[in-house]
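Work through the exercises below with the sequence and the structure at hand, and try each task before reading its solution.

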Amino acid sequence: MFFTRAVQFPSIVQSVLRRISLSGDLRVSNLHANSINCIFRLSDEDKSCWWVGKRSRSFGSTAAFNFELARNMSSEAGSSKSSPKTNRLKLERSPYLLQHATNPVDWYPWGDEAFDKAKAENKLIFLSVGYSTCHWCHVMEKESFENPSVAEIMNKYFVNIKVDREERPDVDKLYMSFIQATVGGGGWPMSVFLSPNLEPLAGGTYFPPEDNYGRPGFKTVLKSIAEQWRTKQAAILNSGKYSIEILKKISEKEHRESQGLDVPGEDAWKKCLLQLSKNYESDFGGFNTAPKFPQPVIFNFLFHMYSRNKDTEQGFQCLQMCLHTLKKMAYGGIHDHVNKGFARYSVDDRWHVPHFEKMLYDQAQLAVSYSDAYVVTKDEFYADIPKTPILTFFEGAPHKSEGAFCVWEYDQIFNLLDEETDGLSHADVFAYHYNVKKEGNVKPSQDPHMELRKKNVLVCFGSFESTANKFNISVETLKKILEKSHQVLYEERQKRPKPHVDTKIVTSWNGLMISGFAKAGFVLKDQSYINRAIQAASFIRKHMYNEENKELLRCCYKGEDGQIVQSSEKLNKRLTIEVAFCSSPTSIMGFLDDYAFLIRGLLDLYEASLDADWLQWAETLQEQQDARFWDDKGAGYFTSPKGDSSILFRGKEVKISDSHGEVESVCVTIVFETLDPSSCV
């Protein structure tokens, strides 16, 4: 809730939170705001697994992560002069933290050891937040955190903390609210300077190492802030306290305002529908301009509106917006036609050039969207999407060219696809259908770093029918040709260097995937998908749930020996997950989205399997969610549990900030779906 309010009044908050002086202004804003805040195209990598087939693994069954590879990734990718010495992050489980384990920076994980050191030595804290497949996180690591001269400054003047935002979304949300309010935009890596009491003082996102274009580089920022701390410590401490007070007041004000609100009525959904209709792009679908995100939450709303107004023009409009967008996405470059699954977003408005990263939560929600489309239309086109397997390794390896794992040159296509069907060249058909060109099909405006020159992203701007007509063949024959071609290209792709995959097993994302499996299995009448949902739910119950205190864990990992381990289990302990529950006080407990999305998944699994055990577990988790997150004073759910003194105040999620940010709407849906009908009279 603090996040939304702060951004709604940026000019007020920025003036209130204006920081101490660094060359006149220590708001240390993002030095490359345009490239960061405009959601640049990154060469990030995927964390997702979808339908499990002969090529894929899912949930806890992903291949064991090579921890040595993670620990050595940074030094291998960077300078050969990087120090081989390891820091405290070597004992962590997060792939992101392990990537920084060989940095010369004396990194600490988020925790009391770092906080106590900052207080004992009276040092500021430098907090760096990111995730393992973030491109600019790797850039800043290579430029600054692997640089001995930068590390020397950091180690001398600061206590340095690394946080994986996917492990600790509460830390990320708290300090991102500060960055959003003071800088006006956010992104990752997030770089924040904190007082020893964890109050935010200044920050930004990515900083280049050296001064350039009249702007200070990271070294200059570090030295200047250290000097300010030495000479103006009392003022800085007061500034940090005031920042937190302002953010708290913003949050409390919105809490108070929410108490007087009535339950949204008909006007609310009408206004929402009107806004979506105005924003709808009729040529290629979607509800925004470039960059274009799938936004499955919108599909949920529109399919619901259609179901209650099937015979009206309004209902028909809702359905068509969904179907057209889903079809254009399926034909687009955002859909991986060889490895399957959908990328995070496209950088253009035609779903053509993707941001080369796939997320499990996107695959999960889009499985539901395409299943819903099939239910309404009975068109096999939509059923084919959740039927297809998705591969374990994906495009966009760190420190490699953008999309190197999946794009193709014209000559590669024609050399590889040398088969014919009834005298018809597979290469000719494939190149026509997917818009493959000798000069490449990516425009310079879609490729600012010139990494996709003469490369082709597979995209169909027509349809199966138009391609079949072009070559005077049936759609069935066309699909067979394309499938054979996909298989050839798939095998060729496996010869390329494998991109990095973050193997964290996150409860909330798996909850969404349980919904995807369960709904797809029910709709397609395929028990194997329902069985996969059962397998995933059973995995979470065994490895990420404490039966004794009814508590969920945020995430777990595959250890080097294949065991399931928790983040707090240091590499030399070899503990199992069951031991971690009993003995480790630092295990990361579940957040609101972990409970809400798993409950949603269990309800869908119950509907698909009619096994009452899943319903009973969902009810138990709902009771725990209410006890741990409900705001008795202001109503609504806090996103983080109470009791963590390192989180200076708890916020709420009151808007959909991304495709997996629908936790409040999921909570409301669960309430209405589980109400006793007699109570609604």
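## Exercises on the chain

**Exercise 1.** Find what share of the contacts with a separation of 6 or more joins residues 24 or more positions apart.

*Solution.* Among the contacts in the chain with a separation of 6 or more, 72% are accounted for by residues 24 or more positions apart. The model is predicted, and its chain comes to 26 helices and 12 strands, with buried residues making up 58% of the 681 residues.

**Exercise 2.** Classify the ring pair of Phe145 and Phe218, and state which parts of the chain it ties together.

*Solution.* Begin with the total, since the structure holds 29 aromatic pairs. In the pair of Phe145 and Phe218, the ring centres are 6.2 Å apart and the planes stand at 75°, and because planes over 60 degrees apart count as edge-to-face, the pair is edge-to-face. Next, place the two residues: Phe145 lies in helix α7 (residues 135-145) and Phe218 in helix α10 (residues 218-231), so the pair ties together parts that are 73 residues apart in sequence. Then check burial, where Phe145 has a relative accessible area of 1% and Phe218 one of 0%, so that each is buried, the limit being under 20%. Finally, ring pairs link both residues into a cluster with Trp107, Phe126, Phe158, Phe193 and Phe207.

**Exercise 3.** Determine which strands stand at the edges of the open sheet with the order β8-β11-β12.

*Solution.* The sheet has three strands with antiparallel pairing. The edges are β8 (505-506) and β12 (564-565), each with a single partner strand, so one side of each is left without a neighbour in the sheet. Two bridges join β8 to β11 (residues 555-558), and Ile505 has Cys556 as its bridge partner in β11.

Key
Residues are numbered from 1 along each chain as its sequence is written. This is a predicted model: local features need pLDDT of at least 70, side-chain atom pairs count only at pLDDT 80 or more; totals for chains, interfaces and linings use all residues. Side-chain values use heavy atoms; hydrogens and water are left out. Helices (H or I, at least four residues) and strands (E, at least two) are DSSP runs, numbered from the N terminus. Buried means under 20% relative accessible area, exposed over 50%, partly exposed in between (1.4 Å probe, protein chains only). Contact means heavy atoms within 4.5 Å. Two strands pair if DSSP finds at least two bridges between them. Rings of Phe, Tyr and Trp (its six-membered ring) pair if their centres lie within 6.5 Å; planes under 30 degrees apart count as stacked, over 60 as edge-to-face and the rest as tilted.
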